[in-house]
Amino acid sequence: MRLRGSDPAGEAARPRAISARRAALPLVVLVGLGLAGCETAGSVGTVGLGVAEVTPRSKDTSVNIASLSDVVARNPRDAEAYNTRGAAYARQGDFDKAVGDFTKAVAIDPNNAAAYTNRALAYRQSGRNDLALADFNHALQANPNHAPAYLGRGNLLRVQGNLDGALSDLDQAIKLNSEGQQGAQAFHARGLIHQKRGDQPAAVTDFDNAIDRDPFAAAPYQARAQSLTAQGKYNQAIEDYNAALNVDSKNAEAWAGLGVDYEKLGNRAKAQESYNRAKTIDPDNRVAGDGLSRVGRA
């Protein structure tokens, strides 16, 4: 599904529908470009977080944690009670407390793959990638068919430059669960590997699949635009950059990329406008700065 709309400087287009595939996912793990949220049994994905960088902080987080603490107090030997509260702490951004709860969960249930995966994601948020990798491995030892752990480990290996290992993990994640937000994240991450290796058609196919599964996430549109630009498909790339900007109008990289495509098409006015928007958001954006040196400033 493609999200198409008007210029993001005007009224933002609203996606027409969410794929019915989303309802098929009982576990949600938000794993993205080096940052991640957490999964809990029976959780429901939030619209717009298909390839999430950070789980948003809810206004009622403190109330939620208080009620979850009551559940923990009444059920001190319930691993899922700790796992659920740990996810709430992670959504609040308190990763130390999240790690503490996930640690209690795996102490109670050493075969709790979800808790190991969640602790790995919390470790990633706090920059402890070695511990994260060990926990992803523990999760897969506990449950070799736990797709979120393959997704999380694949993303970690990808950002560490182990593209072969990452591709293997992401292939397995997709094989185990190719639907919903988790499928969207796995296809997006695999697309980034194909993109880095210069296989733009394969990358575009994976980004297509990611967008079909979560049309509200900006990152796959932007990634697909980059691959389309690399193939000289500038008009299609512009559509995707506009789609990304309709989701997040403060994305300097998307504005800069939009400027590049307009410049490639010879539309200097639109290129100049896009580069200026990028520089307003991020004065240090190099692509926009270089572009303005070519097309001039307003």
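**Asparagine 177, arginine 190 and their all-helix setting**

In this predicted model, asparagine 177 is buried, because its relative accessible area is 17%, and a residue counts as buried under 20%. Asparagine 177 belongs to the loop that runs between helix H7 (163-176) and helix H8 (180-196). A polar atom of the asparagine 177 side chain lies 3.1 Å from the backbone nitrogen of glutamate 179. The C-alpha atom of asparagine 177 is also separated by 9.3 Å from that of histidine 146, although the two residues are 31 apart along the chain.

A second buried residue, arginine 190, is located in helix H8. Its relative accessible area is 17%, which is likewise under the 20% limit and therefore classed as buried. Leaving aside residues up to four places away in sequence, arginine 190 touches Leu167, Leu170, Asp171, Ile174 and Asp206. With two of these residues the arginine 190 side chain forms polar contacts: one, of 2.9 Å, with the side chain of aspartate 171, and another, of 2.8 Å, with the side chain of aspartate 206. For leucine 167, which is 23 residues from arginine 190 along the chain, the separation of the C-alpha atoms is 6.4 Å.

The protein as a whole contains 14 helices and zero strands. Its pattern along the sequence is accordingly written as α-α-α-α-α-α-α-α-α-α-α-α-α-α. In the UniProt record, an unreviewed entry, the feature "repeat: TPR" is placed at residues 79-112, 113-146, 147-180, 184-217, 218-251 and 252-285. Two of these spans illustrate the helical content of the model. Residues 147-180 are 82% helix and 0% strand, and the C-alpha atoms at the ends of this span lie 12 Å apart. Residues 184-217 are 79% helix and 0% strand, with end C-alpha atoms 9 Å apart.

The interior of the model was examined next. Of the 298 residues in the protein, 52% count as buried. In soluble globular proteins, nonpolar side chains tend to be buried together. The largest nonpolar core consists of 26 residues, and those with the most contacts inside it are Ala105, Ala139, Leu151, Leu170, Ala173, Ala186 and Ile193. Two or more residues are given to this core by each of helix H2 (79-92), helix H3 (95-108), helix H4 (113-125), helix H5 (129-142), helix H6 (147-159), H7 and H8. H7 supplies the largest share, six residues. Another core, of 18 residues, lies apart from this one and includes Val204, Leu245, Leu258 and Ala288. Leu170 thus appears both among the core residues with the most contacts and among the residues touched by arginine 190.

Among contacts between residues at least 6 apart in sequence, 54% join residues at least 24 apart. The protein exposes about 13,000 Å², of which 48% is supplied by carbon and sulfur atoms.

Confidence in the prediction was also considered. The mean pLDDT of the protein is 84, and 78% of its residues reach 70 or more. Over residues 9-59, however, the pLDDT is below 50, and this stretch has 141 contacts in the model beyond near neighbours in sequence.

Key. Residues are numbered from 1 along each chain as its sequence is written. This is a predicted model: local features need pLDDT of at least 70, side-chain atom pairs count only at pLDDT 80 or more; totals for chains, interfaces and linings use all residues. Side-chain values use heavy atoms; hydrogens and water are left out. Helices (H or I, at least four residues) and strands (E, at least two) are DSSP runs, numbered from the N terminus. Buried means under 20% relative accessible area, exposed over 50%, partly exposed in between (1.4 Å probe, protein chains only). A polar contact is a pair of N or O atoms within 3.5 Å; within protein, one must be able to donate a hydrogen and the other to accept it, and residues adjacent in sequence count only if both atoms are side-chain atoms. UniProt positions are given in the numbering used here, feature names are shortened, and annotations may be inferred rather than shown by experiment. Contact means heavy atoms within 4.5 Å. Accessible areas come from the Shrake-Rupley method with a 1.4 Å probe; for residues, only the protein chains shown count as cover. A nonpolar core is a set of buried Ala, Val, Leu, Ile, Met, Phe, Trp, Tyr and Cys residues joined through side-chain atoms within 4.5 Å. pLDDT is the predictor's confidence in each residue, from 0 to 100.
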